[in-house]
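This report describes how the inside of one protein chain is packed. Please look over the sequence and the structure before reading on.

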Amino acid sequence: MAPRRVPPRFPGSRLAHLRALQRDPLNLGLELARHGPIVTFPLLGLTFYVLNDPALIDEVLVKRHHDFAKDTFTRRLSDFLGEGLLTGEGEPWKRQRRLIQPAFHRRRIAGYAAVMSRLAAEHVERWGDGEVLDVHHAMMELTLAIVGETLFGADVEAATPAVSEAIELVMARYAGDPITVLLPLWVPLPGNRRLRAAVARLDEVLLGMIRARREEGRADDDLLALLLAAEDEDGTRMDERQIRDECATLFLAGHETTALTLSYALFLLAQRPDVQDRLAVEVDALGERPAGLDDLPRLVACEQVIKESLRLYPPAWSIGRGALREVEVGGYTLPKGAQVALFQWALHRDPERFPDPEAFRPERWTPEFERALPRHAFVPFGGGPRICIGNVFAMTEAVLVLAAIVRRFRVALAQPPHLDLTPSITLRPTHGVRLAVARRPRSEAGEGAS
């Protein structure tokens, strides 16, 4: 038998690795990428196999996806998300994915698009000319309203405190010591007690919404109605807890990532007035009506800005998998239980595929450029069977909300031209994103359209 090939090891002790991860995970990802297409990274009692090559990522996420499940750290999310799409595995996950997929078909998204544009217009109309905003906070409020109305047919403003509190505590847990993340939620630490209480308050909101809909018997055309009506082949339906888990996953994950994408896009645009002008001309060409799904092919520059923002500041900055059995990847043998990781933060900064990688260059996203990219060189939504189910929903929302903003406002920095970032479950701005917003004069629209 041929000897098993073992990937090269990242230099340093386990303690040094832990300190590097605690100190600056994003820079660590870049250092790991410089050590080749695959490198081992011992941490605590685990060994991570970090992938830095799109071909190897394709093997794990697509070709050999059946040999992998979610990694140990992602599985800890089940403590508060339950067994929803993000954390579920095996046949139960496949069943849930089949049941939920119709909510994200193009026909449904066409209806959602009108709601996205309307809520975005209503939201930004409340901004004051010359006001300084934390646009991350503003975008979180807007995207929560959008996910509430489009997927659950409800005004969730009353639920905002419970959702926001749960999100903040979950993110704080994952931005801390990785040892804490590995501890079960029942361990009586102060942070765990606060998080359990926040999840209990969130459950009150979600279960109240589910029970109210059941009692009303409304035949709405939204995700909640679909979940309540869905049946297995044997006629059994999802129980209340299963529906709660899916609702929690979409509430907590479904609006957070889009809010971050928009926050980073606006931060980058604030430093490029020329790109803002280009977007304004594009949006003005649609006339006074709100943009809809059919307008997306005409919002090319808006889409380019969103893609470049996802490249530079991917909200999902890392992906993990765990090997279910011994498996070969790229000619290397990975043992059962191996933790596989890829860092989009580093992958999206590969200078061979993204020239001048630190520069904000939305114009790079031409059809020719995208066709030349290897599959899984750009993975803001993951890949393979477990690609984010809401990726089209999220891109549609981000483009339409951005169009609604640039139609009405210009943005400028009200902070230094850099961001302090906190890598948690998502990549968050540590101190928000402070921008000054100035209303665009009506005359600009006429000039742009001409």
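The sections below go through aromatic pairs, charges over rings, nonpolar cores, two buried sites, and empty spaces.

## Aromatic pairs

The model is predicted. It holds 14 aromatic pairs. One of them joins Phe104 and Phe393, whose ring centres are 6.0 Å apart with 80° between the planes, an edge-to-face arrangement. Phe104 belongs to the loop between helix 6 (90–100) and helix 7 (106–124), while Phe393 belongs to helix 19 (residues 391–408), so this pair ties together parts that are 289 residues apart in sequence. Phe104 has a relative accessible area of 9%, so it is buried. Phe393 is buried as well, at 5% relative accessibility.

Trp127 and Phe409 make another pair, and because their planes are at 50°, with centres 5.4 Å apart, this pair is tilted. Here too distant parts of the chain are linked: Trp127 lies in the loop between helix 7 and strand 4 (132–134), and Phe409 lies in strand 9 (residues 409–413), 282 residues away. The relative accessible area of Trp127 is 6%, so the residue is buried. Phe409 is also buried, at 2% relative accessibility.

## An aromatic cluster and charges over rings

Four aromatic residues, Tyr264, Phe267, Tyr313 and Trp345, form one cluster. Trp345 also has a charged partner: the charged end of Arg349 sits over its ring, 3.6 Å from the centre. Elsewhere, Arg5 lies over the face of Tyr332, and the distance to the ring centre is 4.2 Å.

## Nonpolar cores

In soluble globular proteins, nonpolar side chains tend to be buried together. In this model the largest nonpolar core has 129 residues, and Phe152, Leu299 and Leu402 are those with the most contacts inside it. Helix 19 supplies the largest share of this core, with eleven residues. A second core, separate from the largest, has 19 residues, among them Val327, Tyr332, Ala338 and Leu342. Tyr332 is thus a member of this second core and is also the residue whose ring face lies under Arg5.

What does Phe152 touch, not counting residues up to four places away in sequence? Its contacts are Val147, Met209, Arg213, Asp222, Leu223, Leu224, Cys247, Leu250 and Phe251.

## Helix 6 and Asp203

The buried residues of helix 6 are Trp93, Arg95, Gln96, Arg97, Leu99 and Ile100. Against which helices do these residues pack? Their packing partners are helix 12 (223–229) and helix 13 (240–254).

Asp203 is found in helix 11 (residues 190–216). Is Asp203 buried or exposed? Its relative accessibility is 12%, and buried means under 20%, so Asp203 counts as buried. Apart from neighbours within four places in sequence, Asp203 is in contact with Gly208, Arg241 and Arg244.

## The second largest pocket

The second largest pocket holds about 520 Å³ of space. Its lining consists of 26 residues, and the closest to the pocket centre are Glu303, Lys307, Glu370, Phe381 and Met395. Helix 7, helix 16 (300–312) and helix 19 are the elements that give two or more residues to this lining. Helix 19 gives the most, with five residues.

## Cavities

Rolling a probe the size of a water molecule over the atoms shows where empty space is left. The model has four cavities of 30 Å³ or more. In the largest cavity there is about 80 Å³ of space. Its lining is made up of Ser117, Ala121, Val283, Pro290, Ala291, Leu400, Ala403, Ala404, Arg407 and Arg408. Helix 7 and helix 19 each supply at least two of these residues, and helix 19 gives the most, with five.

## Leu400

Leu400, one of the residues lining the largest cavity, is found in helix 19. Its relative accessible area is 1%, so Leu400 is buried. How far apart are the C-alpha atoms of Leu400 and Met116? They are separated by 6.9 Å, although the two residues are 284 places apart along the chain.

Leaving out residues up to four places away in sequence, Leu400 touches Ala113, Met116, Ser117, Ala291, Gly292, Leu296 and Leu299. Of these, Ser117 and Ala291 also line the largest cavity, and Leu299 is one of the residues with the most contacts inside the largest core.

Technical notes. Residues are numbered from 1 along each chain as its sequence is written. This is a predicted model: local features need pLDDT of at least 70, side-chain atom pairs count only at pLDDT 80 or more; totals for chains, interfaces and linings use all residues. Side-chain values use heavy atoms; hydrogens and water are left out. Rings of Phe, Tyr and Trp (its six-membered ring) pair if their centres lie within 6.5 Å; planes under 30 degrees apart count as stacked, over 60 as edge-to-face and the rest as tilted. Helices (H or I, at least four residues) and strands (E, at least two) are DSSP runs, numbered from the N terminus. Buried means under 20% relative accessible area, exposed over 50%, partly exposed in between (1.4 Å probe, protein chains only). A charge sits over a ring if NZ of Lys or CZ of Arg is within 6 Å of the ring centre and within 35 degrees of the ring normal. A nonpolar core is a set of buried Ala, Val, Leu, Ile, Met, Phe, Trp, Tyr and Cys residues joined through side-chain atoms within 4.5 Å. Contact means heavy atoms within 4.5 Å. On a 1 Å grid over the protein atoms alone, a cavity is a set of points where a 1.4 Å probe fits but cannot get out, and a pocket is an open set with protein on both sides within 12 Å along at least five of seven lines; lining residues have an atom within 4 Å of a point. Grid points are joined across faces, edges and corners, and a volume is the space filled by probe spheres set on the points.
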